[in-house]
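With the model open in a viewer, please follow the stops below in turn, making each selection before reading what is found there.

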Amino acid sequence: MINSTSTVTGTTGTTSTTGTAAVQESEAGSQDRFLKLLVAQMQNQDPMNPMDNSEVTSQMAQINTVKGIERLNASVTSMATGFNAAQPLQAAALVGHTVLAPGSAMQLSGGQAQGGATLGQSAETVSVAIKDSTGAVIRTMALGPQKAGDVRFTWDGATDSGAAATNGTYQFSVTAQAGGQKVETKALTVAQVTSVTPSEKGVTLTLGALGDFSLSQIKQIF
């Protein structure tokens, strides 16, 4: 992981230098074309109606404005490239941390699994239905009244029949009500970050058996 980041950083320096050289070359070309055009314009002006000094000054100001915009674009591009190169190194610090991300899967291990949900508003009753690989509900849990926002819960691996579920991946759904009306809910996966992978599309976090998530999908870090 570190070697990959170092390679990206090295490429950033080369890209920045190349980009600066390209901008300088572009600026030189723009100035040369502008001066040639201005000289030709002055040589072919009407002697009875010569160019006004303010007009020449205005045109000079225009070329300076173009130069400033080109330099600004080069600076912004360089900053964006540097940020993208540093992102994998920053994300690597998340390995071992527990995060909250959109999803309805939970990993049962050692008699414990965690899940969560986002409630659109405060609810009087919140219920969780845990399903096995066939889609059958094996455990129903009542979480009681909950406030609006993110809610987390823990499952001890026990089924409604009292048996202990085997370790593995399970799916769950969350329902909530307030005043007899259904409350909008979005399931959240709670898992530990096991690895970080940089790519052209950004940084991907692997949450064990629950799969890969983009960094932008992470809602909370614990």
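Select Ser199 and look across to β11, where its bridge partner is Gly202. This is a predicted model, and the tour starts where strand β10 (residues 195-199) and β11 pair in the antiparallel sense over 5 bridges. If you follow the backbone from β10 into β11, you pass through a hairpin whose connection consists of 2 residues.

Next, colour strand β11, which covers residues 202-206, and add strand β12 (residues 212-214), to which β11 is joined by 3 bridges in an antiparallel arrangement. Within this pairing, Thr204 stands opposite Ser214 of β12. The two strands form a hairpin with 5 residues between them, and in the turn you can pick out Gly208, which has a positive phi of about 55°.

Stay in β11 and select Val203, which belongs to that strand. Is Val203 buried or exposed? Its relative accessible area is 5%, and a residue counts as buried under 20%, so Val203 is buried. A distance drawn from the C-alpha atom of Val203 to that of Phe213 should read 8.7 Å, although the two residues are 10 apart along the chain.

**The five-stranded sheet**

Now turn to the open sheet, in which 5 strands follow the order β6-β3-β9-β1-β13 with antiparallel pairing. The strands at its edges are β6 and β13 (220-221), and each has a single partner strand, so one side of each is left without a neighbour in the sheet. Inside that order, select strand β1 (residues 98-102) together with strand β9 (residues 185-192), which pair in the antiparallel sense over 5 bridges. One point at which to check this pairing is Pro102, whose bridge partner in β9 is Leu188.

**Aromatic pairs between β6 and β7**

Show the aromatic side chains next, among which the structure holds 2 aromatic pairs. In one of them, Phe153 and Phe172 meet edge-to-face, with 5.4 Å from centre to centre and 85° between the planes. Phe153 lies in strand β6 and Phe172 in strand β7, so this pair ties together parts of the chain that are 19 residues apart in sequence. Phe153 counts as buried at 5% relative accessibility, and Phe172 likewise counts as buried, at 4%.

Then select Trp155 and Tyr170, another edge-to-face pair, with 5.2 Å between the centres and 80° between the planes. Here Trp155 belongs to strand β6 and Tyr170 to strand β7, so the contact ties together parts that are 15 residues apart in sequence. How much relative accessible area does Trp155 have? The value is 0%, and Trp155 is buried, while Tyr170, at 7% relative accessibility, also counts as buried.

Before leaving the aromatic residues, select Phe222 and Arg152: the arginine lies over the face of the Phe222 ring, at 4.0 Å from the ring centre.

**A salt-bridge network**

Side chains of opposite charge can pair when their charged atoms come close. A search of the whole structure finds 2 salt bridges, and a good selection to begin with is Asp156 and Arg139, whose side chains meet in a salt bridge at 3.3 Å, N to O. Asp156 lies in the loop between β6 (149-155) and β7 (168-178), whereas Arg139 is in strand β5 (residues 137-142), so the pair ties together parts that are 17 residues apart in sequence. Asp156 is partly exposed, with a relative accessible area of 48%.

Keep Arg139 on display and add Asp160, since the side chains of these two residues also meet in a salt bridge, at 3.7 Å, N to O. Asp160 lies in the loop between β6 and β7 and Arg139 in strand β5, so this bridge ties together parts that are 21 residues apart in sequence. At 49% relative accessibility, Asp160 counts as partly exposed. Through shared partners, the salt bridges join Arg139, Asp156 and Asp160 into one network.

**The chain as a whole**

Finally, zoom out to the full chain, which contains 2 helices and 13 strands. Of its 222 residues, 28% count as buried. Among contacts between residues at least 6 apart in sequence, 69% join residues at least 24 apart. If you switch to a surface view, the accessible surface of the chain comes to about 13300 Å², with 54% of it belonging to carbon and sulfur atoms.

Conventions. Residues are numbered from 1 along each chain as its sequence is written. This is a predicted model: local features need pLDDT of at least 70, side-chain atom pairs count only at pLDDT 80 or more; totals for chains, interfaces and linings use all residues. Side-chain values use heavy atoms; hydrogens and water are left out. Helices (H or I, at least four residues) and strands (E, at least two) are DSSP runs, numbered from the N terminus. Buried means under 20% relative accessible area, exposed over 50%, partly exposed in between (1.4 Å probe, protein chains only). Contact means heavy atoms within 4.5 Å. Accessible areas come from the Shrake-Rupley method with a 1.4 Å probe; for residues, only the protein chains shown count as cover. A salt bridge is a side-chain nitrogen of Lys or Arg within 4 Å of a carboxyl oxygen of Asp or Glu. Two strands pair if DSSP finds at least two bridges between them. Rings of Phe, Tyr and Trp (its six-membered ring) pair if their centres lie within 6.5 Å; planes under 30 degrees apart count as stacked, over 60 as edge-to-face and the rest as tilted. A charge sits over a ring if NZ of Lys or CZ of Arg is within 6 Å of the ring centre and within 35 degrees of the ring normal.
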